[in-house]
Amino acid sequence: MNGNARRTTSNVVQTEALANRRDDSVEYVGFRIDGQAVVLNLSEHQRLTPDRSLDLVNHSPTGFEWGYAGSGPAQLACGLLLDYYNDAQIAREHYIGFRNCVISQLECDGPAACWHLTGEEIDAAMATIADDVVALPDGGGPSPTLPENWRTVTRPDRRVFQRADRDHYIVLGEGTDGWLAVLCNQGDRAYPAPLASRTVSDDADVEQAIRALVDESNNLIEPPEGEC
């Protein structure tokens with residue numbers, strides 16, 4: 001199951017960012033009200049919510065966060081890129097790199113107790129982002145053998161199957177005795193956590209192992225019918 005895929009490099013990201021950069025001045029600000037994270041697009045006088053970005057990735061439907069590499073900051077990274085560039089592909093492909101180098105570093109300190117992020121700073125950060133080590137969606141495409149909420153994502157050294165409605169993905173790579181398929185999720189961790197795995201010999205049905213892990217993912221979210 002080898003796939004040919006474009007490898008994202010800092011040059012590719014920079015080209016995409018420059019092509020979609022905005023000419024008008026944009027500034028975002030983040031602060032807390034009663035402990036709740038609030039993010040505003042000051043230029044448009046609007047509050048940024050997770051709603052739009054949740055259609056791309058579902059890390060934190062309860063709200064945004066910042067200052068660490070977790071699910072709330074991942075949702076904010078996706079939301080900011082989507083709002084700023086208005087390009088779903090850029091947001092989907094690069095939000096983890098943007099979270100790791102920008103959102104995880106934001107702090108509400110000083111007398112104003114808030115952070116500011118300008119459009120120029122977003123463009124500059126995107127120009128430095130290189131390929132991320134974490135297996136993440138790049139948009140992908142539907143698979144005829146998997147449910148509609150799963151997408152097939154190609155990477156240079158592995159195949160990834162991403163669940164669109166949950167932070168679950170399956171990574172297929174070469175193991176010591178054949179293929180190794182691992183069901184993972186990112187959550188609040190800096191690195192993905194394995195939830196289940198299958199070792200498949202070279203002459204076995206790899207697609208069957210992928211489907212079994214897809215079923216396990218579905219069962220982790222919703223128990224089989226008839227069970228509590």
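The following conversation goes through a predicted protein model, from its overall make-up to its charged pairs, sheet and aromatic rings.

Biologist: What does the secondary structure of the protein come to?

Modeller: There are six helices and 10 strands; helices (H or I, at least four residues) and strands (E, at least two) are DSSP runs, numbered from the N terminus. Residues are numbered from 1 along each chain as its sequence is written, and side-chain values use heavy atoms, with hydrogens and water left out. As the model is predicted, local features need pLDDT of at least 70 and side-chain atom pairs count only at pLDDT 80 or more, while totals for chains, interfaces and linings use all residues.

Biologist: How much of the protein do buried residues make up?

Modeller: Of the 228 residues, 46% are buried. Buried means under 20% relative accessible area, exposed over 50%, and partly exposed in between (1.4 Å probe, protein chains only).

Biologist: And what share of the contacts comes from residues 24 or more positions apart?

Modeller: Such residues account for 52% of the contacts with a separation of 6 or more, where contact means heavy atoms within 4.5 Å.

Biologist: Moving to charges, how many salt bridges are there?

Modeller: The count comes to three, a salt bridge being a side-chain nitrogen of Lys or Arg within 4 Å of a carboxyl oxygen of Asp or Glu. In one of them, Arg32 meets Glu65 at 2.7 Å, N to O. Arg32 belongs to strand 1 (residues 27–33) and Glu65 to the loop between helix 2 (51–54) and helix 3 (71–85), so this pair ties together parts that are 33 residues apart in sequence.

Biologist: Is Arg32 buried, exposed or partly exposed?

Modeller: Arg32 counts as partly exposed, at 37% relative accessibility.

Biologist: Which other side chains meet in a salt bridge?

Modeller: Arg198 and Glu216 do so at 2.6 Å, N to O. Because Arg198 lies in strand 10 (residues 193–200) and Glu216 in helix 6 (residues 206–221), their salt bridge connects parts 18 residues apart in sequence. Arg198 is partly exposed at 29% relative accessibility, and Glu216 is partly exposed at 28%. Asp205 and Arg211 also form a salt bridge, at 4.0 Å, N to O. There, Asp205 has 41% relative accessibility and counts as partly exposed; Arg211, at 31%, counts as partly exposed.

Biologist: Let us turn to the sheet. What is the order of its four strands?

Modeller: The open sheet has the order 3-2-1-4, with antiparallel pairing; two strands pair if DSSP finds at least two bridges between them. Strand 3 (46–47) and strand 4 (115–118) are at the edges with a single partner strand each, so one side of each has no neighbour in the sheet.

Biologist: How many bridges join strand 1 to strand 4?

Modeller: Four bridges join these antiparallel strands, and Glu27 stands opposite Thr118 of strand 4. Strand 2 (residues 36–41) and strand 3 are also antiparallel and are joined by two bridges; Asn41 has Gln46 in strand 3 as its bridge partner.

Biologist: Which side chains of strand 4 are buried?

Modeller: Trp115 and Leu117 are buried and point to one face, whereas His116 and Thr118 point to the other and are not buried.

Biologist: What about aromatic pairs; how many does the structure hold?

Modeller: It holds two. Rings of Phe, Tyr and Trp (its six-membered ring) pair if their centres lie within 6.5 Å; planes under 30 degrees apart count as stacked, over 60 as edge-to-face and the rest as tilted. Trp66 and Trp115 are edge-to-face, at 5.5 Å centre to centre with 80 degrees between the planes. This pair links distant parts of the chain, 49 residues apart: Trp66 is in the loop between helix 2 and helix 3, and Trp115 is in strand 4. Trp66 is buried at 5% relative accessible area, and Trp115 is buried at 3% relative accessibility.

Biologist: And the other pair?

Modeller: Tyr84 and Tyr85 are edge-to-face, at 4.7 Å centre to centre and 70 degrees between the planes. Tyr84 and Tyr85 are buried.

Biologist: One last topic: where is Ser104, and what does Ser104 touch?

Modeller: Ser104 is in the loop between helix 4 (88–101) and strand 4, and is buried at 12% relative accessibility. Leaving out residues up to four places away in sequence, Ser104 touches Gly67, Tyr68, Ala69 and Arg99.
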